[in-house]
Amino acid sequence: MSDSAKISYGKLITNGIFSENPVFKLALSLCPAVAVTTSVKNGFLMGVAVLFVMTMVNITVSIFRNLINPKVRIPAYILIIATYVSMTDMFMAAYARTAYREMGLYIQLIVVFAIIISRAELFASKNKVVPSAVDGIGMGLGFLGALVLIGAIRELFGKGSLMGVSLVGQNPLLIAILPTGGFFVIGLLMGLFNWIEIKRGGNPSSGGGHH
Amino acid sequence: MFKDLGTIFIASAIINNFVFSRYLGLCIFFGVTKKMETAVGMSMTFTAVMVISAALSWLVYNLVMLPLHLGFLKIVLFIGIVAGFVQGADTVLKKLNPTLYYKLGIYLVLITTNCIILAVPVINADEKYNFMQSLTLGLGSGAGFSLALILMASIRERLELANIPRPFQGMPIAFIVTGLIALAFLGFSGLITL
């Protein structure tokens with residue numbers, strides 16, 4: 001058990017970032033991926049919030065995995081998630097005021113992100129604390145990376161800037177930061193990843209679009 | 001008073017449509033719009049649950065939590081209210097109307113942990129709406145979501161017959177279609193100035 005766990009830490013991380021990327025591969029938790037990615041900064045903050053919540057939830061669920069009665073596990077997980085989300089929410093309301101005004105609603109809605117509850121259910125409830133933490137970090141990093149990538153593309157095309165630094169001086173393609181642009185960018189990126197997968201001889205995941 | 005409610009209804013159903021401009025409920029939106037029948041069932045269930053959970057959570061939030069200074073617990077409580085109500089509705093429906101239960105029962109289970117349902121009480125609390133305004137927001141959001149589901153289901157039924165490049169089959173094309181509908185909905189943005 002411990003041997004196999006040892007080898008797989010690196011694998012767990014890359015698994016979350018590439019082969020099971022929450023946004024592009026699993027098509028889970030898409031709402032925030034479109035909603036908050038109008039700039040790199042917002043995408044990054046959201047990603048960090050999810051990374052924190054996911055890691056802490058995985059650790060907590062893993063610690064209590066033998067105490068939680070399987071019949072009430074889903075409500076128990078939701079309570080654990082809601083606790084950490086409330087913490088994040090209050091922390092951001094206090095320390096990141098401008099960003100919070102734009103995306104406060106979505107921070108509170110982290111509580112129902114399918115990706116967090118599915119990792120708690122599929123991984124943390126069956127594994128020891130350290131692998132669960134690593135899995136949470138890997139998945140969180142995959143989510144963070146996806147949000148930053150989408151944010152960078154939308155900010156570059158929509159505002160002509162990156163990380164708030166103006167590169168072009170005007171809005172080259174305003175549509176990219178409008179709601180429409182978010183859907184287009186994600187659709188095109190998913191298509192691109194599928195295309196790469198097909199070129200490499202794999203089978204493109206036909207994203208299920210689960211909640 | 002009624003003008004105010006009308007504004008909230010139109011704003012939440014069309015201008016700030018949950019799917020096309022607030023990006024909520026995307027998972028359900030992409031998940032159930034493959035068939036028209038499921039989309040219709042889903043939109044009816046969602047609208048009902050949204051209105052009722054808006055009412056319940058308004059009562060609990062304003063009559064119990066605010067007087068006791070428990071505002072910081074709102075996330076935990078709202079999700080508890082929604083989950084409890086959905087579970088209750090599930091049991092009652094099974095007993096009273098089994099036919100309807102077998103039609104809508106599967107959707108009820110999916111609803112509990114859905115961002116679009118939870119968003120209604122959260123927005124009501126953030127905007128400090130009164131009771132009637134909260135109900136209207138629930139109803140308007142439900143109507144907007146139903147509109148989105150039915151539009152998308154109609155398009156996807158046609159999309160089945162289209163010849164789409166292989167990398168774009170499935171989710172990518174669904175995203176791009178949604179983007180196009182969102183572009184059309186952008187045209188509503190000047191309808192009412194709030």
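The following exchange concerns contacts between chains A and B, and one helix of chain A, in a predicted model.

Colleague: How many residues of chain B are in contact with chain A?

Modeller: On chain B, 36 residues are in contact with 39 residues of chain A.

Colleague: Which elements give two or more residues to that side of chain B?

Modeller: They are helix H2 (26-32), helix H4 (74-96), helix H6 (115-127) and H8 of chain B. H8(B) gives the most, with eight residues.

Colleague: And how do the residues on that side of chain B divide by polarity?

Modeller: They divide into 27 nonpolar, eight polar and one charged.

Colleague: Back to H8, then. At what angle do H8 of chain A and H8 of chain B cross?

Modeller: The axes of H8(A), residues 179-199, and H8(B), residues 171-185, cross at roughly 165° and come within 8 Å. Angles over 145 degrees count as roughly antiparallel, so H8(A) is roughly antiparallel to H8(B). The crossing of H8(A) past H8(B) is left-handed.

Colleague: Which residues make the contact?

Modeller: From H8(A), they include A:Pro179, A:Phe183, A:Gly187 and A:Asn194. From H8(B), B:Met171, B:Phe175, B:Gly179 and B:Leu183 are among them. The residues of this contact divide into eleven nonpolar, six polar and no charged.

Colleague: A change of topic: what length does H7 of chain A reach?

Modeller: H7(A), residues 129-159, has 31 residues and reaches 43 Å from its first C-alpha to its last. That is close to the 45 Å expected at 1.5 Å a residue.

Colleague: What phi does A:Gly160 take, just after H7(A)?

Modeller: A:Gly160 takes a positive phi of about 65°.

Methods:
Residues numbered from 1 in each chain as written. Chains lettered and ligands numbered in written order. Predicted model: local features only at pLDDT ≥ 70, side-chain atom pairs only at ≥ 80, totals over all residues. Axes fitted to C-alpha atoms, helices over the stretch in contact; angles between N-to-C directions. Helix = DSSP H or I, 4+ residues; strand = E, 2+ residues; numbered from the N terminus. Parallel < 35°, antiparallel > 145°, perpendicular 65-115°, else oblique. Left-handed = near helix turned anticlockwise from the far one by under 90°. Contact = placed C-beta atoms within 7 Å. Nonpolar A, V, L, I, M, F, W, Y, C, P; charged D, E, K, R; others polar. Expected span 1.5 Å × (residues − 1).
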